[in-house]
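This report describes the fold, the surface and the core of one chain.

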Amino acid sequence: MDQRVSLITLGVDDIAKARRFYEGLGWKASSLGDGSVVFFQLGGIVLALWGRADLAADARLADAGPGFRGMALAYNVRRREEVDVVLAEAEQAGGRITRPAQEAFWGGYYGHFTDPEGHVWEVAWNPQFAIDDAGNVTLPR
C-alpha cells in the first residue's frame, strides 16, 4: 500500500448547507456528483461531502451522532498572518472558532474552527513545513 490519502469523506446531515460553507471559503465544487455527494479537489486529494447516515450505513457502522469524532483536518498556511485570515474566512462562511489563533509550543501559530456540521479543522503555520506553489506540504527528512 502506498503511503498516501486519496479522498477524505465527511458525513454531513445537510449536504446543501455543507456545500455552501465550503464554497463560502472560496472552494469550487466539481461537476461530478448527483447532488447526494459533493466533491472538492484539494491538491492531490479530494474532499467529499456525503450524507452522514449513508456514509455510516455504507461502512456498516452505527451513526454515533454529533460531537467530537476523534480526528481533525488541517489547513497549513505559508505565513503566520494567514492563520488569522483563514480563521476569519471560516467564521464568515458560517464556521465556529473553537480555539482562537495562538502561539504553539512547537514554534508555530495555530487555531481551530468547526464547520457547520461540527468537523474540526486546525489552521496552522508551521515554520518547519515547506509548502509548494500547489499547496503540498513537504516534511523534513
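How far apart are the mean positions of the positive and negative charges of the chain? The 14 positive and 19 negative charges have mean positions 1 Å apart; Lys and Arg count as positive and Asp and Glu as negative, while His and the chain ends are not counted, and a charge is placed at NZ of Lys, CZ of Arg, CG of Asp or CD of Glu.

The model is predicted: local features need pLDDT of at least 70 and side-chain atom pairs pLDDT 80 or more, whereas totals for chains, interfaces and linings use all residues. Residues are numbered from 1 along each chain as its sequence is written, and side-chain values use heavy atoms, without hydrogens and water.

Three helices and nine strands make up the elements of the chain, in the order β-α-β-β-α-β-α-β-β-β-β-β from the N terminus; these are DSSP runs (helices H or I, at least four residues; strands E, at least two). Of the 141 residues, 33% are buried, that is, under 20% relative accessible area with a 1.4 Å probe, protein chains only. About 9000 Å² is exposed, 52% of it from carbon and sulfur atoms, by the Shrake-Rupley method with a 1.4 Å probe.

The largest nonpolar core (buried Ala, Val, Leu, Ile, Met, Phe, Trp, Tyr and Cys joined through side-chain atoms within 4.5 Å) has 22 residues, and L10 is one of those touching the most other members. Among the elements giving two or more residues to this core are the following.

| Element | Residues |
|---|---|
| β1 | 7–12 |
| α1 | 15–24 |
| α3 | 81–92 |
| β7 | 120–125 |

Beyond four places in sequence, L10 touches residues including Y22, L49 and H119, a contact being heavy atoms within 4.5 Å.

Technical notes:
Buried means under 20% relative accessible area, exposed over 50%, partly exposed in between (1.4 Å probe, protein chains only).
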